[in-house]
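Student: Could you go through a protein structure with me? I would like to learn how to read one.

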Amino acid sequence: IGGGGTGRIDRAEAVVPGSDAYFNTAVPADRSWPSAWTEGEIGTRRALRSDPYAFKEVWQREQEGWLGMVAASLKPGGRAAVMVGDGANIKTQQSILEAGKKVGLAGGAGGTMS
């Protein structure tokens with residue numbers, strides 16, 4: 001992202017138009033997230049607790065859903081980077097690669113941290 005080699009990132013270059021509200025919202029110290037941050041979350045603990053046996057299938061469907069939107073939004077040859085945390089008994093990297101393939105994306109590189 002810009003900055004002209006000064007080490008400083010100019011706000012106009014760094015913030016995607018329309019995302020100002022997201023970047024200007026401070027994280028509450030008590031983690032009581034704004035409601036807009038918790039609606040539509042993928043892979044919630046609530047979903048896991050409500051039906052642990054169906055969770056993996058629901059998770060995979062949700063991955064395919066949002067990755068399908070990414071695939072439809074990319075220009076031909078475009079790239080996307082995905083970072084995901086660990087899942088409840090789900091191999092998340094494998095899940096993302098399978099979902100991506102199903103919606104027409106190809107995995108390029110991956111990595112894990114331990």
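Tutor: We shall discuss confidence, then one helix and its neighbour, and then the pockets.

Student: What is the average pLDDT of the protein chain?

Tutor: This is a predicted model, and its protein chain averages a pLDDT of 77. Of the residues, 75% score at least 70.

Student: Where is confidence lowest, and where is it highest?

Tutor: The lowest confidence is in helix 1, residues 11-14, with a mean of 48. The highest is in helix 6, residues 92-102, at 92. Over residues 1-12 the pLDDT is below 50, and this stretch has eleven contacts in the model beyond near neighbours in sequence. Where pLDDT is low, the predicted coordinates should not be read in detail.

Student: Let us look at helix 6, then. Which residues of helix 6 are buried?

Tutor: The buried residues in helix 6 are T92, S95, I96, A99 and G100. They lie on the same side of helix 6, because they cover an arc of only 125° around the axis. An α-helix has 3.6 residues a turn, so residues three or four places apart point the same way.

Student: And on the other side of helix 6, are K101 and K102 buried or exposed?

Tutor: K101 and K102, on the other side of helix 6, are exposed.

Student: What do the buried residues of helix 6 pack against?

Tutor: They pack against helix 5, which spans 55-73. Q63 offers an example from helix 5. Leaving aside neighbours within four places in sequence, Q63 is in contact with S95, I96 and A99, and also with I42.

Student: Why does Q63 count as buried?

Tutor: Buried means under 20% relative accessible area. Q63 has 2% relative accessibility, so Q63 counts as buried.

Student: Could we do the same for G100? Why does G100 count as buried?

Tutor: G100 is in helix 6. The relative accessibility of G100 is 6%, and therefore G100 counts as buried.

Student: What does G100 touch?

Tutor: Not counting residues up to four places away in sequence, G100 touches L67 and L105. There is also a useful pair to compare in sequence and in space: G100 and E64 are 36 residues apart in sequence, while their C-alpha atoms are 6.8 Å apart.

Student: What comes just after helix 6?

Tutor: G104 is found just after helix 6, and this residue takes a positive phi of about 95°.

Student: Changing topic to the pockets: what volume does the largest pocket have?

Tutor: The largest pocket has a volume of about 870 Å³. Its lining is made up of 33 residues, and A81, V82, I96, L97 and A109 lie nearest its centre.

Student: Which helix supplies the largest share of that lining?

Tutor: Helix 6 does, with six residues. Helix 5 and helix 6 each supply at least two residues of this lining. By class, the lining of the largest pocket divides into 17 nonpolar, twelve polar and four charged residues.

Student: What about the second largest pocket? Which residues lie nearest its centre?

Tutor: I42, G43, W59, D86 and G87 lie nearest the centre of the second largest pocket, which is lined by 17 residues. The volume of this pocket is about 410 Å³.

Student: And which helix gives the most to the lining of the second largest pocket?

Tutor: Helix 5 gives the most, with four residues. Helix 4, residues 45-50, and helix 5 each supply at least two. The lining of the second largest pocket has nine nonpolar, five polar and three charged residues.

Definitions and conventions: Residues are numbered from 1 along each chain as its sequence is written. This is a predicted model: local features need pLDDT of at least 70, side-chain atom pairs count only at pLDDT 80 or more; totals for chains, interfaces and linings use all residues. Side-chain values use heavy atoms; hydrogens and water are left out. pLDDT is the predictor's confidence in each residue, from 0 to 100. Contact means heavy atoms within 4.5 Å. Buried means under 20% relative accessible area, exposed over 50%, partly exposed in between (1.4 Å probe, protein chains only). The arc is that of the directions from the helix axis to the C-beta atoms. On a 1 Å grid over the protein atoms alone, a cavity is a set of points where a 1.4 Å probe fits but cannot get out, and a pocket is an open set with protein on both sides within 12 Å along at least five of seven lines; lining residues have an atom within 4 Å of a point. Grid points are joined across faces, edges and corners, and a volume is the space filled by probe spheres set on the points. Ala, Val, Leu, Ile, Met, Phe, Trp, Tyr, Cys and Pro count as nonpolar, Asp, Glu, Lys and Arg as charged, and the others, Gly among them, as polar.
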